[in-house]
Amino acid sequence: MSLTTASAVDYKTLVQDDRIHASLYTDPRVFADEMDRIFHLGWVFVGHDSEVPRPGDFVTRRLGREPVIMVRGKDAGIAVLVNRCMHRGTLLCPADRGTARTFACPYHGWTYDLSGELLGVPYPGGYQAFDKSAHGLARAPRVSTYRGFVFASLAATGPTLAEHLGAATRLIDRSCGLSPVGEVELTAGWVKHRCTANWKMLPENDSDGYHLGFVHSALFKSVRTQYQRVIGEEKSIKAVVRAWGHGHIEIDWSPGYQAPFEWLGGASGSVVADYVAALERRDGAETARRRIMQGPAHALIFPNLFLGETNIAIVEPVDLGQCLHWHTPMFLKGVPEFNGRLLRMAEAGMGPASFLMPEDLIVASRNQAGLQARAVEWLLLGRGLNRESVDAEGRVVSHVTDETTNRAFWHHYRSVMTAA
């Protein structure tokens, strides 16, 4: 059965309502299409403005496979520059982060300011009628921020960030709203894990509630808390999955929480009392209680931003069968007293010796290996189709073990990959 030709990939056939074709993870033409249609033309999460608080502060990231520099300019605005010297293509800035007044190419010394304008060329006598203004760094033509989360698109035109996020801004709001000042900070630094799997497996897994009792059985045997309710009898599990549109998907654990701060492992004492009082002054007692009962979001913002409850993660494609998973604890601005616990929770859940992340990475790599078996071409995504519902806000909702989130991811993927 041939679903691709030398000139095009038939995404309408490869992505069906209840199944997807294995070649979506293994065909190099698919990967090349994704880098163009998703990571070049679309909106991609780059970083957080708390990572570059002062003029000259920068971090280096990738939009798909495109190396970029996110930098705070002299005007306090944030620019996303392509990390490539305009002379001979050298990677301009190899550092992960830092502070600079200018960027100088390590190969031939061409120097650029924080906005990307070319400042100087060594030995200019070798050029005749050279126009420096025509050789500045390429920039992401569209950069936009929502509550400190910085997104960029390498396409000059297309949907706005607001249109891309849609109602899923409320997922970001849910996390930011836990801060007394309404802001989060990503200042602890990032841990990177390399995964020998196609990049799409990580967003899928992060929003999959079906695997928990099997892949993470060691956690549930060790931790006797509310997490036991995650893998109990099917009818007793209260957590749900939701599709928010545009590929944004969520697991909501909060319906199963029975007390405030279960998302924080429980909390008490004077620090917590002061924190709750600050939320109540801002929001009122009822809204403050709802916030501390619900906790932060567990959601994917398509295609590469994962709001992992008290962590933030980035999925970075490397090549067809390899990706990077970045994570950092999400600090709540205005409550530095929580930072130590949030850091320890990140280490316990997503660090190199944690309960969750190493197991997820191993399963993803085994998925990639299993898809080399060409005798079986399709992956099933039909679980829960018979019990989905649509809530009052138009979101598709179902049992936490259903594949509602997977289907929503792939249906949006199909629309992006088949758009004109």
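At 47% relative accessibility, E393 counts as partly exposed, and in this predicted model its side chain meets that of R395 in a salt bridge with an N to O distance of 3.4 Å. R395, by contrast, has a relative accessibility of 12% and therefore counts as buried, the cut-off for that class being under 20% relative accessible area. The pair does not stand alone, since salt bridges that share partners join R170, D391, E393 and R395 into one network.

**Salt bridges**

The structure holds 24 salt bridges, and the table sets out three of them, including the pair already described.

| Salt bridge | N to O distance | Relative accessibility of each partner |
|---|---|---|
| E393 and R395 | 3.4 Å | E393 47%, R395 12% |
| R174 and D252 | 3.3 Å | R174 15%, D252 4% |
| E347 and R344 | 2.7 Å | E347 41%, R344 46% |

The side chains of R174 and D252 meet in a salt bridge at 3.3 Å. Because R174 belongs to helix α5 (residues 169-176) and D252 to strand β15 (residues 248-252), this pair ties together parts that are 78 residues apart in sequence. R174 is buried at 15% relative accessibility, and D252 is likewise buried, at 4%.

The salt bridge between E347 and R344, with an N to O distance of 2.7 Å, lies within one element of the fold: both residues sit in helix α11 (residues 339-350), and because they are three residues apart there, about one helical turn separates them. Here E347 counts as partly exposed at 41% relative accessibility, and R344 is also partly exposed, with a relative accessible area of 46%.

**Packing of helices α3 and α13**

Helix α3 (residues 28-37) packs against helix α13 (residues 404-418) at an angle of about 80°, and the two axes are 10 Å apart. That angle makes α3 roughly perpendicular to α13, because angles from 65 to 115 degrees fall into this class. On the side of α3 the contact is made by V30, D33, E34 and R37, while α13 contributes Y413, V416, M417 and T418. By character, the residues of this contact divide into four nonpolar, one polar and three charged.

**Backbone geometry in the loops**

Most residues other than glycine have a negative phi, and most peptide bonds are trans. Against that background, three places in the backbone deserve a mention.

The peptide bond from F302 to P303 is cis, with omega near 5°, and P303 is found in the loop that runs between β16 (298-301) and β17 (305-308).

A129, a residue other than glycine, has a positive phi, near 55°, and its place is the loop between β9 (118-120) and β10 (142-146). With a relative accessible area of 80%, A129 is exposed, the cut-off for that class being over 50%.

R147 also has a positive phi, of about 50°, although it is not a glycine, and it is located in the loop between β10 and β11 (149-153). R147 is partly exposed, with a relative accessible area of 35%.

Key. Residues numbered from 1 in each chain as written. Predicted model: local features only at pLDDT ≥ 70, side-chain atom pairs only at ≥ 80, totals over all residues. Heavy atoms only, no water. Helix = DSSP H or I, 4+ residues; strand = E, 2+ residues; numbered from the N terminus. Buried < 20%, exposed > 50% of the residue type's maximum accessible area, 1.4 Å probe, protein only. Axes fitted to C-alpha atoms, helices over the stretch in contact; angles between N-to-C directions. Parallel < 35°, antiparallel > 145°, perpendicular 65-115°, else oblique. Contact = heavy atoms within 4.5 Å. Nonpolar A, V, L, I, M, F, W, Y, C, P; charged D, E, K, R; others polar.
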